[in-house]
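Reader: I am new to this structure and would like a close look at one part of it. Please show me the model, then take me through how its helices meet.

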Amino acid sequence: MYARRWSNAKGLFLYDHLGGRELLPGTKTLDLRTDAAGTALKPEFRRAFEYSDCWIEDSRLVVLNARDAMRHGATIMPRTRVVSARREAGSWVITLCDSTAQWQVRARMLVNAAGPWAETVIKGVVGQNSSDHIRLVRGSHIVTKRLFDHDRSYFLQGRDGRIIFAIPYEGDFTLIGTTDKDHPDAATPPVCTEEESNYLIDFASQYFARPVTKDDIVWRFSGVRPLYDDGAGSATAATRDYVLKTDDAGNVPLLNIFGGKITTYRKLAEAAMAEIAPRLDNRHGPWTAGAPLPGGDFAVAEVTTLMADLRQQYPFLDAAWARRLVRAYGTDAFEILGAASTTDQLGEHFSATITAAELDWVMANEWVATGEDFLWRRSKLGLVVTDSEAAAIDDYVRNRTRTGTTGTGGARTGGTAPTSNAASAATGMAGASA
Ligand SMILES: Cc1cc2nc3c(=O)[nH]c(=O)nc-3n(C[C@H](O)[C@H](O)[C@H](O)COP(=O)(O)OP(=O)(O)OC[C@H]3O[C@@H](n4cnc5c(N)ncnc54)[C@H](O)[C@@H]3O)c2cc1C
């Protein structure tokens, strides 16, 4: 972390001493006149504080949770909306619909994990009043051409007291975010406005030696944080904690989840299970703390070895290709490449590293049904493919989906169709998810 104020240094001291430090290095002070981190910054910045933390590609986390849930017996219904839910004769009667049909299911308990739509679900879908409110706070990002050459991130404090980050992103890019803007309602798609984009450009340009300009921007995106409305004045000050509320009316329980962060998604899921388990007579207890998600059955320190093993087994892979596959799929990369001994055996090539074998696998295992699903919702490869490559990928995926030559993609028994921030597994009505 690179911050200017002493209060941040005190915060980092606490961060070091409150959290476990088994894998990550501790905080230190940097002399920006000599450290490589200073090269990209204006010379007036001479001192910074550095700390270490983890990051996650949120779309991968969500789809892996959905796959894991399915592996443990959950039915995942992508692109399926809960239209209504009513208590009837001791259970929930839930009406679902997709693009072709409407049908009903019964359930003993309903979990409303609809994120920004949680309040809409209570009022519109369940048809109840709610004294709890969600505060929708939009956060926008810009992605620029790479602004610096090292692999560390900058956290920058602005004149308005807010903090933004500039993070190395998908190899050739830098991700800058975020804003905190009250968002009107869940039905309004979030977009990064010109004002937000300019705010981020101006903020970053206060620090970087070469000013960030509009021409550097290659992509902008925005999401809505579903924050529990605790009556805080500003969007920045609103609580980031989650709140769970269970309504046992008629002995047919409804669990409403308000707020929640990706960072604490597993803790939130355990708290949700503490509400759900006694009501469904589930005695299993928490088990996910040490359980890897699909493809994640290796230690952090073994990533380099895993890439080397992949290249040894598939000598036609170059380092960048092996790295991408391991970062996205972990040990499942071996399953994707199967028995191939040449690139030709992976089928059609759509770009330097995207082959029919990979597309077939994500259609069969990650509910991919369009090119956009693969290029933007399961990865950020949309940033690096050309328009014609993206069109060819979309054609291939849609044809395979239409002719039914894939596994679960698009099927009613398949997966997740993230529609918002990181998106949750299933409908927001079930399961543990980000
Ligand atoms: C800009 C930004 C930056 C963030 N940064 C961080 C960060 O650094 N660290 C962090 O931990 N968190 C961060 N978050 C927060 C995090 O992304 C969200 O808290 C998280 O995605 C919320 O997950 P969720 O599952 O509750 O909601 P969502 O991911 O929004 O999922 C809700 C799901 O419910 C579905 N749904 C809604 N209504 C219905 C219906 N009627 N029928 C069926 N399905 C329905 C939606 O389609 C959606 O898939 C950030 C969020 C934003 C916007």
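At roughly what angle do the axes of helix α6 (residues 303–313) and α7 cross, and within what distance do they come?

Author: A word on the model comes before the helices. This is a predicted model, in which local features need pLDDT of at least 70 and side-chain atom pairs count only at pLDDT 80 or more, while totals for chains, interfaces and linings use all residues. Residues are numbered from 1 along each chain as its sequence is written.

Now the crossing. The axes of α6 and α7 come within 9 Å and cross at roughly 125°. Axes here are lines fitted to C-alpha atoms, for helices over the stretch in contact, and angles run from 0 to 180 degrees between N-to-C directions. That angle makes α6 oblique to α7. The cut-offs are these: under 35 degrees is roughly parallel, over 145 roughly antiparallel, 65 to 115 roughly perpendicular, and the rest oblique. The crossing of α6 and α7 is right-handed. A crossing is right-handed if the near helix is turned clockwise from the far one by less than a right angle, and left-handed if anticlockwise.

Which residues make the contact? From α6 come Val303, Leu306, Met307, Leu310 and Arg311, and from α7 come Ala322, Arg323, Leu325 and Val326. Two residues are in contact if their C-beta atoms, placed from the backbone, lie within 7 Å. By class, this contact has 7 nonpolar, no polar and 2 charged residues. Ala, Val, Leu, Ile, Met, Phe, Trp, Tyr, Cys and Pro count as nonpolar, Asp, Glu, Lys and Arg as charged, and the others, Gly among them, as polar.

From α7 the trail leads to α2. Helix α7 (319–329) is among the elements that cover the buried residues of α2, as are α9 (356–365) and α10 (371–377). Helices (H or I, at least four residues) and strands (E, at least two) are DSSP runs, numbered from the N terminus. Helix α2 spans residues 58–71, 14 in number. From first C-alpha to last it reaches 20 Å, close to the 20 Å expected at 1.5 Å a residue. The expected span is 1.5 Å times one less than the number of residues. In α2, 11 of the 14 residues are buried. A residue is buried if 20 or more other C-beta atoms lie within 10 Å of its own, exposed if 12 or fewer, and partly exposed in between. The buried residues of α2 include Ser59, Arg60, Val62 and Val63. Leu64, Asn65, Asp68 and Met70 are also among them. Glycine 73 follows α2, with a positive phi near 110°.

Next comes α9, one of the elements covering α2. The axes of α9 and helix α11 (residues 387–402) come within 11 Å and cross at roughly 45°. These two helices are therefore oblique to each other. Their crossing is right-handed. Ala356, Leu359 and Met363 in α9 meet Ile393, Tyr396, Val397, Arg400 and Thr401 in α11. By class, that contact has 6 nonpolar, 1 polar and 1 charged residues.

A loop joins the picture here. Alanine 369 lies in the loop between α9 and α10. Alanine 369 is buried, because 23 other C-beta atoms lie within 10 Å. Tyrosine 396 is 27 residues away along the chain, and the two C-alpha atoms are separated by 9.9 Å. Tyr396 is also one of the α11 residues that α9 meets.

Back to the stretch after α2. Arginine 79 is found in the loop between α2 and β3 (81–88). Its phi is near 55°, a positive value in a residue other than glycine. Most residues other than glycine have a negative phi, and most peptide bonds are trans. Arginine 79 counts as partly exposed, because it has 19 C-beta neighbours inside 10 Å. Asparagine 251 also has a positive phi, near 60°. Asparagine 251 sits in the loop between β13 (243–247) and β14 (254–258). With 10 other C-beta atoms within 10 Å, asparagine 251 is exposed. A cis peptide bond runs from glycine 177 to threonine 178, with omega near -5°. Threonine 178 is in the loop between β10 (173–177) and β11 (181–182).

Last, the whole chain. It comes to 11 helices and 14 strands. Of its 434 residues, 38% count as buried. Among contacts with a separation of 6 or more, residues 24 or more positions apart account for 62%.
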